[in-house]
Each structure stands twice: as structure tokens, then as C-alpha cells.
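User: I am new to this structure and would like to go through it step by step. Could we take the strands, then the helices, then the salt bridges?

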Amino acid sequence: MPTITKIEIIDLNIPFNHPFKIALAVMNSAHNIIVRVHDSDGLIGVGEGVPSRFVTGEDADNGFESAKLYAQLLIGKNPLEIDTRLRELEQYMLKNPAIRCAYDLALYDLLAKHAELPLYALLGGDKASPVLQPHHRH
């Protein structure tokens, strides 16, 4: 049974060349939180969350601090018991859905690595089925 040995939390702020405008806001950068979950078998699962005050009520600073608190909760536990780990995160702190998403993705990425499968295959996807087809005008 693997255990979580280390969790890296990376605050990633990427400036845009031009402001990105949507109905709710104008954004000048993508401010995301990366979570890297290391286990005792030497594998690493990676997930990303996008805390956005106008979508989830989060901001990157609070998200980063929440990610650190969640990390303390998970160290030493089995990363393959994903439902249990995610329930623990939600019970510990109800808010911060983007940061919980980052952990969700990282744990599933780690499970896929243990299964020696690409994540899309672990989740039942088919490489032959395209996700998005570009539209070409002739």
C-alpha cells in the first residue's frame, strides 16, 4: 500500500500578452495552483486548480494557503483511496473547490501511473475517439 510522502504546491502566475475579457471580468494573467503528490513508490501525480473569485469565490492566495493545509492532512495516507481522501478534504474545509479539484486530478493521475495506463484510458476513454475536431471552412 503506497503512502503520500510529500506534496509540492506551486503558485503559477502566467501573464497574458493581451487582457482576456469575459462577461464577469478582465484577466491579465492565469493564476493557477499546481499540486504534485509524491508517494512511497516514487510516483508523482499532478493536478491543477484555477481559483477564481468570480467563479468559485476563491482567490489564488487563499487557495495556496488552503492547499498547504490540505497537504498536511494527506501526508502518510494511501493516495489510491481517492474517494476517502476527497471526502476528508471536503470535511476538513468545505470551501476551495478549485484546490480540491487540483488534489482530485493529482490523485487520479497517480492512480493511473500505478495502473500503468494513461489517465484517459483509466477513466474509460478511447484514444481513437477525438475530443475536439477543428472546423475547417472550404
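**Strands, helices and salt bridges**

Analyst: In this predicted model, strand β1 (residues 4-21) pairs with strand β2 (residues 26-39) over 13 bridges, and the sense of the pairing is antiparallel.

User: How many residues does the hairpin that joins β1 to β2 have, and which residue in β2 does phenylalanine 20 stand opposite?

Analyst: The hairpin leads from β1 to β2 through four residues. Across the pairing, the residue of β2 that stands opposite phenylalanine 20 is methionine 27.

User: How are α2 and α4 oriented to each other?

Analyst: The axes of helix α2 (residues 60-74) and helix α4 (residues 97-115) come within 9 Å and cross at roughly 45°. The crossing in which α2 passes α4 is right-handed. An angle from 35 to 65 degrees counts as oblique, and therefore the orientation of α2 and α4 to each other is oblique.

User: Which residues of α4 make the contact with α2?

Analyst: On the side of α2, the contact is made by Gly63, Ser66, Ala67, Tyr70, Ala71 and Leu74. By class, the contact of α2 with α4 has six nonpolar, two polar and one charged residues. The residues that α4 brings to it are Ile99, Arg100 and Tyr103.

User: With which residue does lysine 68 form a salt bridge?

Analyst: The count of salt bridges comes to seven. Lysine 68 and its partner both lie in helix α2, three residues apart, which is about one turn of the helix. The closest N and O atoms of this pair are 3.2 Å apart, within the 4 Å cut-off, and the partner of lysine 68 is glutamate 65.

Note on methods: Residues are numbered from 1 along each chain as its sequence is written. This is a predicted model: local features need pLDDT of at least 70, side-chain atom pairs count only at pLDDT 80 or more; totals for chains, interfaces and linings use all residues. Side-chain values use heavy atoms; hydrogens and water are left out. Axes are lines fitted to C-alpha atoms, for helices over the stretch in contact, and angles run from 0 to 180 degrees between N-to-C directions. Helices (H or I, at least four residues) and strands (E, at least two) are DSSP runs, numbered from the N terminus. Angles under 35 degrees count as roughly parallel, over 145 as roughly antiparallel, 65 to 115 as roughly perpendicular and the rest as oblique. A crossing is left-handed if the near helix is turned anticlockwise from the far one by less than a right angle, and right-handed if clockwise. Contact means heavy atoms within 4.5 Å. Ala, Val, Leu, Ile, Met, Phe, Trp, Tyr, Cys and Pro count as nonpolar, Asp, Glu, Lys and Arg as charged, and the others, Gly among them, as polar. Two strands pair if DSSP finds at least two bridges between them. A salt bridge is a side-chain nitrogen of Lys or Arg within 4 Å of a carboxyl oxygen of Asp or Glu.
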